[in-house]
Amino acid sequence: MKVETLRDELLNAGATLVGIAEVKDALKGEISHLGRAIAICVNRNLNEDTVNLLTSLESKTARWLKQRGYRYLCIPPDSDRWKNTFISRLYPLFTHKIAATSAGLGWIGKNGLFINHRYGPRLSLATVLTDAPFQVGTAIEFSRCGDCSMCVEFCPSNALTGRNWSRYEPFTQLVRPDRCNSYKKNSRTVNGRPNCGLCINICPYGRKIFKSEVFSSEQLISRNS
Ligand code: SF4
Ligand code: SF4
């Protein structure tokens, strides 16, 4: 079954990337009957407007699937993780990164974030699980960070281990969250949350100025302060 009409609808409605993944092996008990994931990415920071856009794209997807008689489950954008809502209990069962990497849209960088060749780590994600028999993309299996380790070198809290991601070793520690969180507590807040963002801004993927402009760590920190 082809997904083009749904993909076109979502792209016209503001999605940046849409991919389909086979995720049956990644699903646990309650949701294991939904073997496909529709990964939806938008090239924006995860603020309230972005959450609204992602939620409306998920609703559009849900309507499309329902009209054709397929089952579905919307995993909302990550911002809901902090709200302690019922839906937030789904996160331990499935993460957006699994869908997006399995769909072939990108990999997990040394900064622990989803990275796409064109947009880098500057994407916000949502996922709709379904039993619709869509043709799926080719999963990305290994990190494509290559020799780059800029985020590791410049992280002000030494929170990044510098290891490479592989889908076959999902529990490899890329980020030491305690170090990152304790640094961010003393940084400026964005939308009421502690923030740093240096490991996003420094990533050469999706960063047009990369080849012509080299920042020192102090400049990068001041760009984020
Ligand atoms: S957000 Fe800042 S402190 Fe945390 S891992 Fe990224 S660069 Fe390091
Ligand atoms: S800065 Fe370099 S090492 Fe870090 S995520 Fe981006 S490409 Fe990978």
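Colleague: In what order do the four strands of the open sheet run?

Modeller: Keep in mind that this is a predicted model. The four strands pair in antiparallel fashion, and the twist averages 20 degrees from one strand to the next. Strand 1 (17–22) and strand 3 (72–75) each have a single partner strand, so they stand at the edges. Read across the open sheet, the order is 1-2-6-3.

Colleague: How many bridges join strand 2 to strand 6?

Modeller: These two run antiparallel, strand 2 covering residues 36–42 and strand 6 residues 124–130. In that pairing, Ile 40 sits opposite Ala 126 of strand 6. The count of bridges joining strand 2 and strand 6 is seven.

Colleague: And helix 1, what angle does its direction make with that of strand 1?

Modeller: Helix 1 takes in residues 4–12 and packs on the sheet. The strands it touches are strand 1 and strand 2. Against the direction of strand 1, the helix direction comes out at about 145 degrees.

Colleague: Which elements give two or more residues to the shell around ligand 1?

Modeller: The residues around ligand 1 include Cys 155, Cys 180, Tyr 183, Cys 196, Leu 198 and Cys 199. By type, the shell divides into nine nonpolar, two polar and no charged residues. The elements giving two or more residues are helix 5 and helix 6 (198–201).

Colleague: Is Asn 158 buried, partly exposed or exposed?

Modeller: Asn 158 lies in the loop between helix 4 (150–154) and helix 5 (177–185). Though not a glycine, Asn 158 has a positive phi of about 55 degrees. Its relative accessibility is 44%, so Asn 158 counts as partly exposed.

How values were computed:
Residues numbered from 1 in each chain as written. Chains lettered and ligands numbered in written order. Predicted model: local features only at pLDDT ≥ 70, side-chain atom pairs only at ≥ 80, totals over all residues. Heavy atoms only, no water. Buried < 20%, exposed > 50% of the residue type's maximum accessible area, 1.4 Å probe, protein only. Pairing = 2+ DSSP bridges. Axes fitted to C-alpha atoms, helices over the stretch in contact; angles between N-to-C directions. Contact = heavy atoms within 4.5 Å. Near = heavy atom within 4 Å. Nonpolar A, V, L, I, M, F, W, Y, C, P; charged D, E, K, R; others polar.
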